[in-house]
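Here are my notes on this model, set out as numbered points that can be followed alongside the coordinates. They go from the overall make-up to the sheet, and then to the packing of the helices.

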Amino acid sequence: VIVRFKTDLKTKTARVLLANSITLTPGTITVSLQDNVYTVHCLDKQFGEGLSDSTFVWLLHKIEGQVAK
């Protein structure tokens, strides 16, 4: 399946780190990242669930200073 989702990550570095981590996850490949919209190919539908609100996304928000301590 092809999954598309938006993120509210502010920095380009955080968005690229997320794209990279998705690609490093078995069964998923980030096909494109344009602005804040990801296109991800998943071998199985369930691999695409939770991509936009994973723990790693939360950590990236924390790094960006968007999440209170």
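1. The secondary structure of this predicted model comes to two helices and three strands, and along the sequence these elements follow the pattern β-α-β-β-α. The radius of gyration is 12 Å, close to the 11 Å that the globule rule gives for 69 residues, so the protein is as compact as a globular protein of that length. Along its principal axes, the C-alpha trace spans about 35 × 20 × 15 Å.

2. The three strands form an open sheet in the order β1-β3-β2, with antiparallel pairing. Because β1 (2-6) and β2 (28-34) stand at the edges and each has a single partner strand, one side of each is left without a neighbour in the sheet. From one strand to the next, the twist averages 20 degrees.

3. For the pairing of β1, the model places five bridges between this strand and β3 (residues 37-42), the two running antiparallel. Within this pairing, V3 has V40 of β3 as its bridge partner, while K6 stands opposite V37 of β3.

4. On the other pairing, β2 and β3 also run antiparallel and are joined by six bridges, and T28 has C42 of β3 as its bridge partner. The hairpin of β2 and β3 has two residues between the strands, and D35 takes a positive phi near 55 degrees in this hairpin. A reader checking backbone torsions may wish to look at D35 in particular.

5. Which strands does α1 touch where it packs on the sheet? Helix α1 touches β1, β2 and β3, and its direction makes about 155 degrees with that of β2.

6. The two helices, α1 (residues 12-24) and α2 (residues 55-64), pack at an angle of about 160 degrees, with their axes 10 Å apart. That angle makes α1 roughly antiparallel to α2, since angles over 145 degrees count as roughly antiparallel. The crossing of α1 and α2 is right-handed.

7. Which residues make the contact between the helices? From α1 come A14, L17, L18 and S21, and from α2 come F56, V57, L60 and E64. By class, this contact of α1 with α2 has six nonpolar residues, one polar residue and one charged residue.

Note on methods
Residues are numbered from 1 along each chain as its sequence is written. This is a predicted model: local features need pLDDT of at least 70, side-chain atom pairs count only at pLDDT 80 or more; totals for chains, interfaces and linings use all residues. Side-chain values use heavy atoms; hydrogens and water are left out. Axes are lines fitted to C-alpha atoms, for helices over the stretch in contact, and angles run from 0 to 180 degrees between N-to-C directions. Helices (H or I, at least four residues) and strands (E, at least two) are DSSP runs, numbered from the N terminus. Angles under 35 degrees count as roughly parallel, over 145 as roughly antiparallel, 65 to 115 as roughly perpendicular and the rest as oblique. A crossing is left-handed if the near helix is turned anticlockwise from the far one by less than a right angle, and right-handed if clockwise. Contact means heavy atoms within 4.5 Å. Ala, Val, Leu, Ile, Met, Phe, Trp, Tyr, Cys and Pro count as nonpolar, Asp, Glu, Lys and Arg as charged, and the others, Gly among them, as polar. Two strands pair if DSSP finds at least two bridges between them. The radius of gyration is taken over C-alpha atoms; the globule rule is 2.2 Å times the number of residues to the power 0.38.
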